[in-house]
Amino acid sequence: MEQPAPSPTPAAAESQYFSLNPPPANLSNHLTLARAFIERHASEGRRVALVTSGGTTVPLEEQTVRFIDNFSAGTRGATSAEYFLQQGYAVIYLHRQFSLLPYSRHYSHDKRSFLDFMAEDPATGTVVVDEEHQAKMLRVLRQYADVKRANTLLILSFVNITDYLWELREVAKLMRPLGANALFYLAAAVSDFFVPKDRMVEHKIQSAEEFSSSASNGGAASSKPPPAARTQGKSLIIDLEPVPKFLKQLVDGWAPEAMIVSFKLETDPAMLVRKAVYALHRYHHHLVIGNLLSTRKWEVVFVSAEDDDEDDLRGDAKSTAEKWIRVPRSRRARSASGIESLVGKAAG
Ligand code: PAZ
């Protein structure tokens, strides 16, 4: 009987993934910006936080018409970034393109149009902020102006899962010299499944089998492995592969001295703490923050090794502490700031 192939070591899986799936076109530009940012803040003795935020897409075609996505709007990441900045960190905000941004989040994804925050001053014929929004916008604008003046926020974007992983790995390596002054706050919703480059069809997937000839997608004699997406009759069959688990590499290889806070999302309350504890032990992060899709804006659970002794955490920590943080019902306003301020303070 044929034996299943042994699973590759983490280092082999990493090298295979990054050699098969090419980097985003703007990576080198992003790294030039990140290098200068990190060096400047390191020379000024400032701690640097890499905050990841938003969802990662899974493209189904090389010329991407269709992709798989997830729910994340980037609220957690954008809001938390503001609290890190307030706590004196320099922040590299690695976010999904067009998801929420620190400061502008207060206005950009509102149910109202941004024009609803504006009014015309009849005396001068100029556009002003509506009376009702003056106080809050002035407060947000001042915070944003301070951050711009101090140059403590660098915004980088990604779209798909492979772009995200490339950016995370390369920026993490740049942060390595910061040692314990580096913090990773991994709030992005990262896909567990993807289509590897060599199994991606080039052109738009056709909805009818008679049009989905292999000729338009590399030719029948192509040496490529079978495409991950194909039509069968009127159905679309998609065969996704697991994204290699790189979170441990962050600790072991890319930024071994950094503080790492990662998030775990579940929908089943019975799974949450169990999965967060599993992630803490498996990836050796310092803190795993668990949240449920339906209540994520109001409650999170902090899972960390009970003993904050470094060896205990990095070794086979058996005991794990959990701490629930809930925003009282009365404070569950439209904004998610309540929980973020608590999370921000805990990480600060
Ligand atoms: O972006 P958002 O505020 O709507 O959601 C935040 C979140 C739930 C994506 C984040 O808190 C999280 O749990 N991120 C990790 C998800 C995961 O890969 O398990």
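Start by selecting R96 and F158: R96 sits in β4, and its bridge partner in β7 is F158. Keep in mind as you look around that this is a predicted model.

**Stop 1: the β4–β7 pair**

Now widen the selection to residues 90–96, which make up strand β4. This strand runs parallel to β7, and six bridges join the two. Besides the pair you began with, try L94, which stands opposite L156 of β7. How many residues of β4 are buried? Seven of its seven residues are, and the strand is mostly covered.

Next, bring in β1. It pairs with β4 in the parallel sense, again through bridges, and there are six of them. To see one, select S53 and H95: H95 in β4 is the bridge partner of S53.

**Stop 2: the whole sheet**

Zoom out and colour the strands in this order: β7-β4-β1-β8-β13-β14-β15-β16. Together they form an open sheet of eight strands with mixed pairing. Which strands stand at the edges? They are β7 (153–158) and β16 (320–326). Each has a single partner strand, so one side of each is left without a neighbour in the sheet. Turn the view to look along the sheet and you can follow its twist, which averages 15° from one strand to the next. A general point helps when you show side chains here: in a regular strand they alternate between the two faces of the sheet.

With the sheet in view, take in the chain as a whole. Its secondary structure comes to 10 helices and 16 strands. The chain has 348 residues, and 44% of them count as buried. Looking at contacts between residues at least 6 apart in sequence, 74% join residues at least 24 apart.

**Stop 3: T56, in a loop after β1**

Select T56, in the loop between β1 (48–53) and β2 (58–59). Is T56 buried or exposed? Its relative accessible area is 1%, so T56 is buried. Show its contacts, leaving out residues up to four places away in sequence, and you will find I68, D69, N70, R96, F158, V159, N160, I161, Y164, A189, V190 and S191. The pair from the opening of the tour, R96 and F158, is among them. For S191, look at the backbone nitrogen: it lies 2.9 Å from a polar atom of the T56 side chain.

**Stop 4: F37, in a helix**

Move to helix α2 (residues 27–43) and pick F37. This residue is buried too, with a relative accessible area of 4%. Setting aside neighbours within four places in sequence, F37 is in contact with A90, V91, I92, N151, T152, L153 and L154. Try a distance label between the C-alpha atoms of F37 and I92: they are 8.5 Å apart, although 55 residues separate the two along the chain.

**Stop 5: two helices that cross**

Select helix α1 (residues 10–20) together with helix α6 (residues 161–175). Their axes are 11 Å apart, and the helices pack at an angle of about 120°. The two are therefore oblique to each other, and their crossing is left-handed. To see what makes the contact, show E14, Y17 and F18 on α1, then I161, T162, L165, W166 and R169 on α6.

**Stop 6: a hairpin**

Go to strands β10 (residues 229–232) and β11 (residues 235–238), which pair in the antiparallel sense over four bridges. One of the bridged pairs is Q232 with S235 of β11. The two strands form a hairpin with two residues between them, and G233 in the turn has a positive phi of about 65°.

**Stop 7: two more positive phi values**

Most residues other than glycine have a negative phi. With that in mind, select F98, in the loop between β4 and α4 (105–108). Its phi is positive, near 70°, and F98 is not a glycine. F98 is exposed, with a relative accessible area of 70%.

Finish at H284, in the loop between α8 (269–283) and β14 (287–292). This is another residue other than glycine with a positive phi, here near 60°. H284 has 15% relative accessibility and counts as buried, whereas F98 is exposed.

Conventions:
Residues are numbered from 1 along each chain as its sequence is written. This is a predicted model: local features need pLDDT of at least 70, side-chain atom pairs count only at pLDDT 80 or more; totals for chains, interfaces and linings use all residues. Side-chain values use heavy atoms; hydrogens and water are left out. Buried means under 20% relative accessible area, exposed over 50%, partly exposed in between (1.4 Å probe, protein chains only). A polar contact is a pair of N or O atoms within 3.5 Å; within protein, one must be able to donate a hydrogen and the other to accept it, and residues adjacent in sequence count only if both atoms are side-chain atoms. Contact means heavy atoms within 4.5 Å. Two strands pair if DSSP finds at least two bridges between them. Axes are lines fitted to C-alpha atoms, for helices over the stretch in contact, and angles run from 0 to 180 degrees between N-to-C directions. Angles under 35 degrees count as roughly parallel, over 145 as roughly antiparallel, 65 to 115 as roughly perpendicular and the rest as oblique. A crossing is left-handed if the near helix is turned anticlockwise from the far one by less than a right angle, and right-handed if clockwise.
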